[in-house]
Every structure is written in C-alpha cells, then in structure tokens.
Amino acid sequence: PVRLFTGQCPGCSITHDAKFTPDMKRIVIGDEGGGGSTYPCPGGALYFYDLNMQGGTPAPVLTGAYEPAEVGVTPNGPGGCTSHVFDIAEDSKHLSISWYTAGTHWLDITSSVGTTVGDQGPPTGVKQLGWFQPVDGNTWSSKTYKGPYIYSNDLNRGLDVYRIPAS
C-alpha cells in the first residue's frame, strides 16, 4: 500500500472508529476520548468528512462535528462519556451510537455540515432524534439491524433492544 492521506480530526484524543456512509460520500470518525475511562461529558465527538476526489486521489474534507448535550453520570460521579462503537444506517442518513454513560443515541446525519464542537446552543446539521440513558448504564456499542431497531451492548446491563419510532 501507498499512503495517500494522513490527517487528524481537530481535538481528537483517540481516533477510534471510522466508517463510510453506505452511499460512499462521507466518512464518519469517532473520537474515543479517554479510551473509555472517566472523561468529561460531553466528550469524544463524531467528526464528519466529505470524501472528495482530487485527481483520482481521496481527499477527505472536514465538514463538521457533533457531541451530545446529555451528561453521563454514575453513582460515583461522572463516568466515561465519549463516542464509541457506532453504526450508519443503510439510508446513509441515520446513525446509532453508544456514548458510554451518556447512553445510546439515534441521529439524523443528513446535513452533517457546518457543525463545530463547542458552539453555544445545539449544533446545526446533525439532529438528535432520540436517546436513552439507562440508570447505571455503560453502553459500549449500538447498531441497527433488521428494521427499526437498535441493538445495544451495555457493559453493566447486557443487551438492550430499542425500537426506533416511525418518523
């Protein structure tokens, strides 16, 4: 292999997960800030890149970032609160993700441009359609499969299954 591109998302601590949208137009990268240990909430953003081609060579261009507003708290205080394992739906418009103690999130990523981490108010572009933060939860992965469901692996609770309401 020949390296064609190297880059780091701004503010990333641990570039953990990267996935292409099924339409192959974008790359989403998750920052697992703190490596799953105690980390300030919100933390460990998702970074969105357009996959542009310049002269036949991939040239990812950062278009935005997203962090949830919810705070993950354990009985002992703040817990690990960072993006972890996520899944992009087949429509390339939705994403399910675990944020450790901040729970499972369902996002509309249709307009994941123009967002920045740290802006006041809700970010533009990415829309949170729903989330669930179980008591004493510590969600590790959240993936969609077979219809309107999110399957979430929780380190403390086991397997959770969520139904995604029709929009």
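In the predicted model, Cys9 and Cys12 are both buried, and these two residues are joined to each other by a disulfide in which the sulfur atoms lie 1.7 Å apart. The torsion about the S-S bond is -90 degrees, so that the link between Cys9 and Cys12 is left-handed. A search over the whole structure returns 1 disulfide.

Toward the start of the chain, a nonpolar patch is found on the surface, formed by Val2, Leu4 and Phe5, which together contribute about 340 Å² of accessible area. Of these residues, Leu4 belongs to the segment that precedes β1, the strand spanning residues 15-20. Leu4 is classed as exposed because its relative accessibility is 55%, where the class requires a value over 50%.

A contrasting environment is computed for Asn138, which is placed in the loop that connects β10 (127-132) with β11 (139-144). Asn138 is assigned to the buried class because its relative accessibility amounts to 18%, the limit for that class being under 20%. When residues up to four places away in sequence are set aside, the contacts of Asn138 comprise Tyr100 and Thr101, together with Asn153, Asp154, Leu155 and Asn156. Asn138 in its loop is thus described as buried, whereas Leu4, in the segment before β1, is described as exposed.

Note on methods
Residues are numbered from 1 along each chain as its sequence is written. This is a predicted model: local features need pLDDT of at least 70, side-chain atom pairs count only at pLDDT 80 or more; totals for chains, interfaces and linings use all residues. Side-chain values use heavy atoms; hydrogens and water are left out. Patches are made of residues with over 30% relative accessible area and no salt bridge: like charges are joined within 9 Å, nonpolar side chains (Val, Leu, Ile, Met, Phe, Trp, Tyr) within 5 Å. Accessible areas come from the Shrake-Rupley method with a 1.4 Å probe; for residues, only the protein chains shown count as cover. A salt bridge is a side-chain nitrogen of Lys or Arg within 4 Å of a carboxyl oxygen of Asp or Glu. Helices (H or I, at least four residues) and strands (E, at least two) are DSSP runs, numbered from the N terminus. Buried means under 20% relative accessible area, exposed over 50%, partly exposed in between (1.4 Å probe, protein chains only). A disulfide is a pair of cysteine sulfur atoms within 2.5 Å. Contact means heavy atoms within 4.5 Å.
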